[in-house]
Structure formats: C-alpha cells, structure tokens
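Here is a short tour of one model, meant to be read with the structure open beside the text. Take a moment to turn it around before reading on.

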Amino acid sequence: MLIPGTIYFKSYLYDRWYAEFSRDLSYRNRVPRRIETTNSNKAHFTTLQGEIVKCRRCPRLVRYREDVAVTKRRAYLDWDYWGKPVPSFGDPAARLLILGLAPGAHGANRTGRMFTGDRSGDFLYGSLHTAGFASQPVSRSTDDGLNLSDALITAAIHCAPPDNKPLPEELRNCRPYLERELDLLRNVRVVVALGKIAFDTYLSVLKNRGAIERIADFRFGHDVLYDLDPALLASYHPSQQNTSTGKLTQTMLDAIFLRAAEIIRSAPGPAAPRRSSKPNSR
Ligand code: SF4
C-alpha cells in the first residue's frame, strides 16, 4: 500500500542523494580534466617547439646561425651543425623554469640542444645535477642520455646571435614563444633567470600581463630572489666570460639551484625534485 508521506520521504531522500552524487561527480570530473589538460598542454608544447625550430623571423640571426653551421669551428669540422632555432629542453610539467639568453654559436647551435656542447653547459648541468634536476653533470650531444627532472630550459631567443648580443627587435620577435610557453607550463614554482637580458625579458612579459607595474622596481643581481608567483630568482649567466674570471663559480651556481629546489620543496605539491628516467623533449 502506498502511503503519501512515504513517497514524499523517498523523494526527499532521492533528491539529497542526487545532490550529493552530483557534487561528488563534478569533483571527480575535475580531477581527470586537470590531467587531460596537462597531457594536452604537453602536446601543445611539442607543437610549439616544432614551430620554433622552423622559425625564420629574424633575418640577421637566420643568416648567422646558418653561416656558422657551414663555416664551423676547426675542432668541430666533422660535426653536422644543427644550424636552426634551438627548442626548449626538459620536462613540460616542470616546477623549475630556467631562462637563458640564447644558444651558443658552437654549442647549442651545433648540437641542437640547450646548453649542450660548450663550457656554459658544463657549468649549468653540473649545478643542476648537484641539485637533483639533471641525471648527469655533463651535456655533450642529444644522444648522451641526459634527462632533466622537474626542470625545463628555455631562452630569451632561440637562435645564436653574433657575439652573444641579440638586438632589441630580435628579443621582441622571439618573446611570443616565451609567452606561449609560460601559458603552457602550469606547474612552474620558480623561474631562474640566467643573466640580466633573460631577467629583463621575463619582467617585460610580466609587465605586459599586468603582473608587475614597473621593470625598474626589480634590480638584477646574483642570488636575488623576488617573491612573485612563480618566484623569480636571478643568477649571473654561466658564460665563459663570467666563469673564467671567477665572477660566477660552480659553488655559486650550485647555491642557486639548491635554493630553487628548496623553494619548490616548500611550495604546496609533491616533493621536489622528482627523478625520472623518461626521455625529455629535446
Ligand atoms: S630568434 Fe626567435 S624569432 Fe628570431 S628567428 Fe630565431 S626563433 Fe625566430
């Protein structure tokens, strides 16, 4: 026998259950979506790197990188130089973003991987290895087995400039790539800017986005940390000029990446850095 009160009570229970179920479902739907976004970000990141490698936006740099690839340095005559824009290297899910200046003419422009094949790379990867972000302290070629974990290296410009000096318009031409990378790198907790040009380039992106008011409020100096989101940590660039004169020592650069690891460790989320045996994007 149906009792009207029972029907009402059942209906009430059903509504309550459905409300709880819907709330739970919408929560559970959010979690996979986050993972899907990450995967799709990785795909977009790979596509972006493909675009960068084909770029010919700066005539002076295109000429230079290709000339160097033909004339070569005597020590590397048996190398097939890369001679193209150098894509970013590392983990697209990284919490550490390293922003360099530009590929070296006979380093990354030869090998095709950021900071690979020259003294700057030895310095940088030595410190990244000490802090747990790199699988090995040396970086010789794209098939040397090096992996980055929880770290990604990009640059203010992706083509080697003459005398390591890009022109302002070349920096402007390349900045959209950095902006697009920043949009795709959702996990970054700390940005390490190597040198003043990289530091200013990053600040110019922040200013364009309204995240900061004035670039002049930020002074470049070694081991200077700015409490932004993500944190910004400035470092001298590991150029041969800085490392051979002792302006930047290995211990000083180690301290930068140990500090970056500490910032990541103290931020919410999984412990840092994560070691991985998976190969990185180039
Ligand atoms: S520096 Fe950047 S914008 Fe200019 S040609 Fe190279 S990749 Fe393109």
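The notes below go from the overall fold to the sheet, one helix, the ligand shell and a few backbone details.

This is a predicted model, in which local features need pLDDT of at least 70 and side-chain atom pairs count only at pLDDT 80 or more, while totals for chains, interfaces and linings use all residues. Residues are numbered from 1 along each chain as its sequence is written.

**Overall fold**

The protein holds eight helices and six strands; helices (H or I, at least four residues) and strands (E, at least two) are DSSP runs, numbered from the N terminus. Along the sequence they follow the pattern α-α-β-β-α-α-β-α-β-α-β-β-α-α. Of the 282 residues, 39% are buried, where buried is defined as 20 or more other C-beta atoms within 10 Å of the residue's own, exposed as 12 or fewer, and partly exposed as in between, with C-beta atoms placed from the backbone. Among contacts with a separation of 6 or more, 70% join residues 24 or more positions apart; a contact is defined as two C-beta atoms, placed from the backbone, within 7 Å.

**The sheet**

How are the six strands ordered? They form an open sheet with the order 1-3-2-4-6-5 and mixed pairing, where two strands pair if DSSP finds at least two bridges between them. Strand 1 (89-90) and strand 5 (224-226) are at the edges with a single partner strand each, so one side of each has no neighbour in the sheet. Strand 1 runs antiparallel to strand 3 (residues 151-155), and two bridges join them. Gly90 has Leu152 of strand 3 as its bridge partner. Helix 8 (residues 250-266) packs on the sheet and touches strand 2 (96-100), strand 4 (190-194) and strand 6 (231-235). The direction of helix 8 makes about 175 degrees with that of strand 6, using axes fitted to C-alpha atoms, for helices over the stretch in contact, and angles from 0 to 180 degrees between N-to-C directions.

**Helix 6**

The 13 residues of helix 6 (residues 196-208) should span 18 Å at 1.5 Å a residue, which agrees with end C-alpha atoms 18 Å apart; the expected span is 1.5 Å times one less than the number of residues. Its buried residues are Ile197, Ala198, Phe199, Thr201, Tyr202 and Leu203, and they pack against strand 2, helix 5, strand 4 and strand 6. After helix 6 comes Gly210, with a positive phi near 75 degrees.

**Around the ligand**

Which of the 14 residues around the ligand come nearest? They are Cys55, Cys58, Pro85, Cys159 and Cys174; a residue is near a molecule if its C-beta atom, placed from the backbone, lies within 6 Å of it. Helix 2 (59-71) and helix 5 (168-184) are the elements giving two or more residues to this shell, and helix 5 provides the largest share, three residues. By type, the shell has nine nonpolar, two polar and three charged residues.

**Backbone details in loops**

Two residues other than glycine have a positive phi, as listed here.

| Residue | Phi | Loop | C-beta neighbours inside 10 Å |
|---|---|---|---|
| Lys72 | near 60 degrees | between helix 2 and strand 1 | 17, partly exposed |
| Asn164 | about 60 degrees | between strand 3 and helix 5 | 18, partly exposed |

The peptide bond from Asp229 to Pro230 is cis, with omega near 5 degrees, and Pro230 lies in the loop between strand 5 and strand 6.

Terms used
Nonpolar A, V, L, I, M, F, W, Y, C, P; charged D, E, K, R; others polar.
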